[in-house]
Amino acid sequence: MKKLNIINNDKIKNILMKTLILDKIYVTNNNDYYNIIVISKLFTGISTIKKQQIIYAPLMKYILNKQIHALSIQAYSPEEWEKKK
């Protein structure tokens, strides 16, 4: 069975930081399951689904070519993040 060319945490961070205006980003993974937490003013006043769509967009080619298998996204505005902490 061919081993997939899994993408690393830093590459995900770089892709998202280059394409979106983010205050903070945290990426962790367990094998090919990634957990992404992002904080940005970009997420102020929009739905959870829209927030996830914004994060998925720049990662889609990596999902489609199976470099990213499973993904959990938590996106917060700075105000939401302060309440969450």
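This section describes strand pairing, aromatic contacts and a salt bridge in a predicted model.

Strand 2, which spans residues 33–39, has pairing partners in both strand 1 and strand 3. With strand 1 (residues 24–30), the pairing is antiparallel and extends over 7 bridges. Within this pairing, Lys24 is placed opposite Ile39 of strand 2. The hairpin formed by strand 1 and strand 2 has 2 residues between the strands, and Asn31 in this hairpin adopts a positive phi near 60°. The pairing of strand 2 with strand 3 (residues 70–76) is parallel and likewise comprises 7 bridges. Here Ile36 has Ile73 of strand 3 as its bridge partner. The connection from strand 2 to strand 3 passes through helix 2 (residues 48–64), and the resulting β-α-β crossover is right-handed. As for solvent exposure, strand 2 is mostly covered, with 5 of its 7 residues buried. In a regular strand, side chains alternate between the two faces of the sheet.

Aromatic contacts were examined next. A pair of aromatic rings is described by the distance of the centres and the angle of the planes. Across the whole structure, the search returns 2 aromatic pairs. One of them joins Tyr76 and Trp81, whose ring centres lie 5.4 Å apart with an angle of 45° between the planes, a tilted arrangement. Tyr76 has a relative accessible area of 13% and is therefore classed as buried, the cut-off being under 20%. Trp81, at 14% relative accessibility, is likewise counted as buried. Ring pairs also bring in Tyr26, so that Tyr26, Tyr76 and Trp81 are linked into a cluster. Tyr26 belongs to strand 1 (residues 24–30), whereas Tyr76 belongs to strand 3 (residues 70–76).

Charged contacts complete the description. Side chains of opposite charge can pair when their charged atoms come close. The search of the whole structure yields 1 salt bridge. This salt bridge is formed by Glu80 and Lys51, with the closest N and O atoms 2.8 Å apart. Because Glu80 lies in helix 3 (residues 78–84) and Lys51 in helix 2, the pair ties together parts that are 29 residues apart in sequence. The two partners fall into separate exposure classes: Glu80 is partly exposed at 31% relative accessibility, whereas Lys51 is buried, its relative accessible area being 5%. Helix 2, which carries Lys51, is also the helix through which the chain crosses from strand 2 to strand 3.

Terms used. Residues are numbered from 1 along each chain as its sequence is written. This is a predicted model: local features need pLDDT of at least 70, side-chain atom pairs count only at pLDDT 80 or more; totals for chains, interfaces and linings use all residues. Side-chain values use heavy atoms; hydrogens and water are left out. Buried means under 20% relative accessible area, exposed over 50%, partly exposed in between (1.4 Å probe, protein chains only). Helices (H or I, at least four residues) and strands (E, at least two) are DSSP runs, numbered from the N terminus. Two strands pair if DSSP finds at least two bridges between them. A crossover is right-handed if, with the strands pointing away from the viewer, the path from the first strand over the helix to the second runs clockwise. Rings of Phe, Tyr and Trp (its six-membered ring) pair if their centres lie within 6.5 Å; planes under 30 degrees apart count as stacked, over 60 as edge-to-face and the rest as tilted. A salt bridge is a side-chain nitrogen of Lys or Arg within 4 Å of a carboxyl oxygen of Asp or Glu.
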